[in-house]
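Me: I would like to learn how to read a structure made of helices, going slowly from one feature to the next. Could you take me through one?

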Amino acid sequence: MLPLAVTGLVGSLLPVVYLHVASFGELSPVRHTVSDYIFVDNGTALLGVTALSLAAASVGLLVVLVRSGLPVHGPVSWLMGLWAAGLTAAAVFPTDPVGAPTSFSGAVHRYAGAVMFAALPLAGWLISRTFIPSATVRRFSVAAGFGSVAFMLSHLALTGSADGAVLLGLFERVLFFLLYCLLFALAAAVVRREVAS
């Protein structure tokens with residue numbers, strides 16, 4: 001299961017990297033969030049593949065953790081589930097164009113993002129404290145937690161301005177980088193745990 005989860009993590013990166021390259025000059029990685037790629041050719045489908053692949057890989061990683069002894073009904077399982085559910089909801093309910101009034105879909109997308117960005121760093125921190133004592137996992141969890149707060153605060157501060165997404169894209173990409181690092185660090189920590197046992 002772990003090789004499938006890691007393959008899913010790597011595979012989830014490919015569509016969104018392609019979108020960044022294909023839309024170069026059309027969208028700004030500093031101003032526009034990743035969700036804004038739904039407005040380019042094939043963006044909805046490719047972002048859907050990224051989000052759903054990442055959600056499936058995260059669930060696969062959770063299954064591996066549970067098989068290693070993580071309590072299935074504990075807070076970590078719930079937080080990892082919220083992360084995966086948030087990714088899925090964000091894929092199903094697309095964001096609104098920059099500067100447009102908030103629609104029902106856009107509101108669901110926004111709140112799903114807030115839930116998932118809060119849930120995964122907390123899950124990683126709890127895992128590093130109570131299940132797998134990994135300094136790397138703990139560091140990425142703390143960094144992602146700060147990144148999540150920075151992104152959400154910048155979102156609140158800037159989305160009401162005329163410029164809309166100024167700097168939001170940069171904050172979000174840094175956050176996603178940290179979240180991916182956290183997930184890969186969790187996978188590596190599980191491998192080390194299994195080798196040591």
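Me: Which residues in H1 meet which residues in H2?
Reply: Please keep in mind that this is a predicted model. To read a helix pair, list the residues on each side whose atoms come into contact. From H1 the list holds Leu2, Ala5, Gly8, Leu9, Ser12, Pro15, Val16, Tyr18 and Leu19, and these meet Gly43, Leu46, Leu47, Val49, Thr50, Ser53, Leu54, Ala57, Gly60, Leu61 and Val64 in H2. Sorted by class, the contact of H1 with H2 has 14 nonpolar, six polar and no charged residues.

Me: At what angle do the axes of H1 and H2 cross?
Reply: The axes of H1 and H2 cross at roughly 160° and come within 8 Å. Angles over 145 degrees count as roughly antiparallel, and that makes H1 roughly antiparallel to H2. The handedness is a separate reading, and the crossing of H1 and H2 is left-handed.

Me: How do H2 and H3 run, roughly parallel or roughly antiparallel to each other?
Reply: The reasoning takes the same steps as before. The axes of H2 and H3 cross at roughly 165°, coming within 8 Å, and H2 and H3 are therefore roughly antiparallel to each other. H2 passes H3 in a left-handed crossing. On the H2 side the contact is made by Gly48, Ala51, Leu52, Leu54, Ala55, Ser58, Val59, Leu62 and Val66, while H3 brings Ser77, Met80, Trp83, Ala84, Leu87, Thr88 and Ala91. These residues divide into twelve nonpolar, four polar and no charged.

Me: Which residues touch the most other members of the largest nonpolar core?
Reply: A general idea helps here: in soluble globular proteins, nonpolar side chains tend to be buried together. In this model the largest nonpolar core has 50 residues, and Trp83 and Leu179 touch the most other members. Helices H1, H2, H3, H4, H5 and H6 each supply at least two residues of this core, and H6 gives the most, with 13 residues.

Me: What does Trp83 touch, if residues up to four places away in sequence are not counted?
Reply: Leaving out those neighbours lets us see contacts between parts of the chain that are separated in sequence. Trp83 touches Leu54, Ser58, Met116, Ala119, Leu120, Leu179 and Leu183.

Me: Is Leu183 buried or exposed?
Reply: Buried means under 20% relative accessible area, and Leu183, at 1% relative accessibility, therefore counts as buried. Leu183 is found in helix H6 and, with its neighbours within four places in sequence left aside, is in contact with Leu9, Leu54, Ser58, Leu61, Trp83 and Leu120. It is useful to compare sequence and space for one of these pairs: Leu183 and Ser58 are 125 residues apart in sequence, yet their C-alpha atoms are 7.7 Å apart in space.

Me: Why does Trp78 count as exposed?
Reply: The cut-off for exposed is over 50% relative accessible area, and Trp78 counts as exposed because its relative accessibility is 59%. Trp78 has its place in helix H3. From Trp78 to Ala119 the separation is 41 residues in sequence and 8.7 Å in space, C-alpha to C-alpha.

Me: What is Ser128 in contact with, leaving aside its neighbours within four places in sequence?
Reply: Ser128, which is in helix H4, is in contact with Pro133, Ser134, Val137 and Arg138. Ser128 is buried, with a relative accessible area of 2%.

How values were computed
Residues are numbered from 1 along each chain as its sequence is written. This is a predicted model: local features need pLDDT of at least 70, side-chain atom pairs count only at pLDDT 80 or more; totals for chains, interfaces and linings use all residues. Side-chain values use heavy atoms; hydrogens and water are left out. A nonpolar core is a set of buried Ala, Val, Leu, Ile, Met, Phe, Trp, Tyr and Cys residues joined through side-chain atoms within 4.5 Å. Buried means under 20% relative accessible area, exposed over 50%, partly exposed in between (1.4 Å probe, protein chains only). Helices (H or I, at least four residues) and strands (E, at least two) are DSSP runs, numbered from the N terminus. Contact means heavy atoms within 4.5 Å. Axes are lines fitted to C-alpha atoms, for helices over the stretch in contact, and angles run from 0 to 180 degrees between N-to-C directions. Angles under 35 degrees count as roughly parallel, over 145 as roughly antiparallel, 65 to 115 as roughly perpendicular and the rest as oblique. A crossing is left-handed if the near helix is turned anticlockwise from the far one by less than a right angle, and right-handed if clockwise. Ala, Val, Leu, Ile, Met, Phe, Trp, Tyr, Cys and Pro count as nonpolar, Asp, Glu, Lys and Arg as charged, and the others, Gly among them, as polar.
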